[in-house]
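User: I'd like to go through the labels used for this model and hear the reasoning behind each one. Could you take me through them?

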Amino acid sequence: CRRWSLPNAEHYALQYVDGRQTYITESNRGEIKNGSILRLTTSPDQEAERLYSGIQSNNSDVKTDSLKKLAGLSQDVTFAQEFINRNGLKQIFYIVEEGNATGEMLAHTLKAFMELMEHDFVSWETLSAAFIKKIVSYVNMNTVDASVQQLSLSILENMVPTSRLLFELVKKEVTLDRLLTHLQVTNAQLQLKAMALLIALLLAATDAERRDMMDYLQEKNIRQFIHKNIIHSSEPLGDEMAHYLYVLQSVSLNLCERRMRTSMDPYSQEQRELLQSLRQTAFELESEAPASNFSTERRRSLCAKEFRKLGFMNNSNPAEDLRRAPPGLLALDNMVYFSRHTPNAYSRFVLENSSREDKHECPFARSSIQLTLILCEILHVGEPCSETAQAFYPMFFGQDHFFEELFCICIQLVNKTWKEMRATQEDFDKVLQVVREQITRTLSLKPTSLELFKTRVNALNYSEILKLRQTERLHQEETLAVPVLELRERLKPELLELIRQQRLLHLCEGTLFRKISSRRRQDKLWYCRLSPNHKVLHYGDVEEGVQSPPIESLPEKIPVADMKMLLMGKECPHTKEKSSGKQNKDVLELAFSIVYDMEEYCLNFVAPTRYEFCLWTDGLNVLLGKEMTSERTQTDLDVLLSMELKLRLLDLENISIPDTPPPVPKPPSNLNFCYDFSHAEQ
């Protein structure tokens with residue numbers, strides 16, 4: 001200021017020109033990099049004062065411009081604090097509550113409010129009822145601008161997890177019907193924000209409320225709508241929507257948890273009747289003779305015989321078989337569902353096995369109990385939702401009563417595999433192990449419908465499983481011969497170099513990372529990539545929908561020479577900050593940080609997937625001159641080694657490779673065996 005002869009230096013501040021245009025303060029001045037471009041501008045307190053006056057202006061153009069600038073500057077923590085200290089939020093509340101602002105002005109007001117609340121200076125619980133009602137009205141009205149509705153949905157999504165009171169208020173004011181209406185619009189961003197609020201409500205609800213909400217959504221055919229209009233829409237599915245669909249699937253499947261963890265109560269009339277219905281459905285034709293003619297003793301022995309035919313271990317008291325939890329009552333529910341919805345298949349299963357020799361019969365009840373447990377493990381029933389996962393099964397959304405229908409297909413698969421294996425009672429565990437493999441291998445193909453799953457899982461019969469196992473075993477044996485192991489060791493350095501090059505190429509392409517706060521999964525995205533000469537890491541914030549921003553558009557940079565070390569998991573500073581709350585296991589598994597500049601600063605990452613985590617940590621280790629340590633390195637190395645070995649050993653097919661090289665023959669006694677061409681010419 002002295003240089004330019006500007007009075008009142010305290011009215012000015014330095015600010016970054018690029019990126020988020022943060023103000024330079026005493027606390028962050030040490031982070032300025034060489035080459036950063038700064039500008040001299042009005043200080044945050046002066047700017048806050050000016051905008052505070054501007055948003056109260058009677059001139060609508062001045063007011064709109066002030067609100068637009070406020071929405072941009074509110075990302076900066078220093079400015080936000082100055083503005084909030086001047087009671088600026090109160091003025092924003094007034095603009096919204098007054099209800100005169102519309103369109104662009106209202107959108108800027110809500111954006112500014114969102115950014116100011118992001119800094120956690122003010123609790124969400126301090127919001128007035130009038131303000132919340134106004135936000136709710138924007139969601140519930142049809143005539144409001146789409147950008148205003150998106151921001152309103154985001155504000156409500158942020159409010160829901162903060163307190164029980166706000167959750168109840170939003171749940172009461174924004175009906176599920178209204179959210180379903182927003183889900184059915186063509187605007188993808190509006191659809192996404194509506195889904196985000198729906199998921200926030202489901203996660204904040206109690207078990208009973210969640211069950212009621214899911215029942216209502218099922219009544220409204222939300223699954224079919226998602227299957228048809230979101231999963232199979234012409235637009236590709238974004239990461240955010242994939243995560244919400246995963247959570248919706250997880251929440252739905254977790255409704256089975258209560259039954260899964262409840263043992264059977266032998267004194268419960270309702271549960272006993274369900275158990276008896278299984279027996280009656282299977283043997284009603286056989287037992288047409290009036291049971292009343294039999295004595296109590298005779299009737300009891302007849303029931304015990306029939307329960308034994310049904311495959312219960314404890315035939316005199318079958319309730320004992322269902323005392324183990326998990327799978328608890330869920331196994332009974334599945335058996336009853338199978339007997340009622342596919343009675344022919346059920347009768348065929350039971351009667352076919354009751355007429356077989358004792359040793360070869362497939363026990364229906366015992367198989368059902370074990371199969372239910374296997375399905376619960378494969379589908380992660382009862383496990384908390386991951387904060388970042390995106391893996392959902394498209395077929396889940398194409399089918400009502402998904403778990404029960406899947407059970408019906410798989411229990412018939414058990415019987416089919418049992419016959420193919422010619423199994424006896426001693427082979428029970430082996431059969432169920434094969435069935436587990438059949439199910440997991442088929443699910444990994446991500447079939448789009450249960451019909452397709454059924455076709456594929458039945459095609460993967462026992463002989464196919466044996467072939468796959470044999471191929472894997474042969475491949476293992478082949479690669480364990482001593483000469484092959486020596487060849488592997490010689491090929492390793494070359495292939496590891498290939499993996500290093502691939503990792504660095506991946507870093508040069510860059511990856512989109514998400515900022516995850518303690519409150520929610522954030523919409524804010526940032527991109528990081530390595531320069532083509534492998535000298536500098538470039539990073540910066542980007543907007544949703546940007547696939548691969550050019551390196552020039554990423555303002556922040558870290559020279560590779562300044563990088564000191566790589567931290568992973570619990571060692572990262574951003575996981576330590578969050579450890580006070582409920583630490584999410586999956587965030588720990590995906591977190592890593594780069595320590596740079598004399599070990600003073602950290603750049604913190606949370607990878608979108610485990611695959612990206614492995615590639616980035618390997619690439620950064622290569623840049624630091626260290627070994628690649630991820631599990632992906634080992635997998636890639638095994639695949640490359642396997643391919644290279646197969647190519648090298650092609651000529652040796654069906655020739656057994658000896659463990660030791662054949663002996664070199666002794667040299668001949670007479671080495672004078674040079675051929676004389678002169679005699680041949682004569």
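Analyst: Gladly! One thing up front: this is a predicted model. A good place to begin is a cluster in which ring pairs link F513, W526, Y539, F592, F605, F613 and W616.

User: How many aromatic pairs are there by this rule?

Analyst: The count comes to 25 aromatic pairs.

User: What makes the pair of F307 and F312 edge-to-face?

Analyst: The ring centres of F307 and F312 are 5.6 Å apart, and pairing asks for centres within 6.5 Å. Their planes stand at 85 degrees, and an angle over 60 counts as edge-to-face, so the pair takes that name.

User: How do you know whether F307 and F312 are buried or exposed?

Analyst: Buried means under 20% relative accessible area. F307 has 3% relative accessibility, so F307 counts as buried. F312 has 4%, so F312 is buried as well.

User: And why is the pair of F396 and F397 given a name of its own?

Analyst: The same two steps work here: the centres of F396 and F397 are 5.0 Å apart, within 6.5 Å, so the rings pair. With 90 degrees between the planes, over the 60 that is needed, the pair is edge-to-face. Both F396 and F397 are buried.

User: What makes R223 a charge over a ring?

Analyst: R223 lies over the face of F396, at 4.2 Å from the ring centre. The distance limit is 6 Å, so R223 meets that part of the rule. For R366, the charged end sits over the ring of F428, 3.8 Å from its centre.

User: Turning to helices, how do helix 6 and helix 8 cross?

Analyst: The axes of helix 6 (residues 129-140) and helix 8 (residues 164-173) come within 10 Å and cross at roughly 35 degrees. The crossing is right-handed.

User: Which residues meet there, and what kinds are they?

Analyst: From helix 6 come I132, K133, V136 and N140, and they meet L166, L169 and E173 of helix 8. The residues of this contact divide into 4 nonpolar, 1 polar and 2 charged.

User: Why is K133 called exposed?

Analyst: K133, which is found in helix 6, has 51% relative accessibility, and exposed means over 50%, so K133 counts as exposed.

User: How far is K133 from M568?

Analyst: Their C-alpha atoms are separated by 44 Å, and the two residues are 435 residues apart along the chain.

Key
Residues numbered from 1 in each chain as written. Predicted model: local features only at pLDDT ≥ 70, side-chain atom pairs only at ≥ 80, totals over all residues. Heavy atoms only, no water. Axes fitted to C-alpha atoms, helices over the stretch in contact; angles between N-to-C directions. Helix = DSSP H or I, 4+ residues; strand = E, 2+ residues; numbered from the N terminus. Left-handed = near helix turned anticlockwise from the far one by under 90°. Contact = heavy atoms within 4.5 Å. Nonpolar A, V, L, I, M, F, W, Y, C, P; charged D, E, K, R; others polar. Phe/Tyr/Trp six-rings, centres within 6.5 Å; stacked < 30°, edge-to-face > 60°. Buried < 20%, exposed > 50% of the residue type's maximum accessible area, 1.4 Å probe, protein only. Lys NZ or Arg CZ within 6 Å of the ring centre and 35° of its normal.
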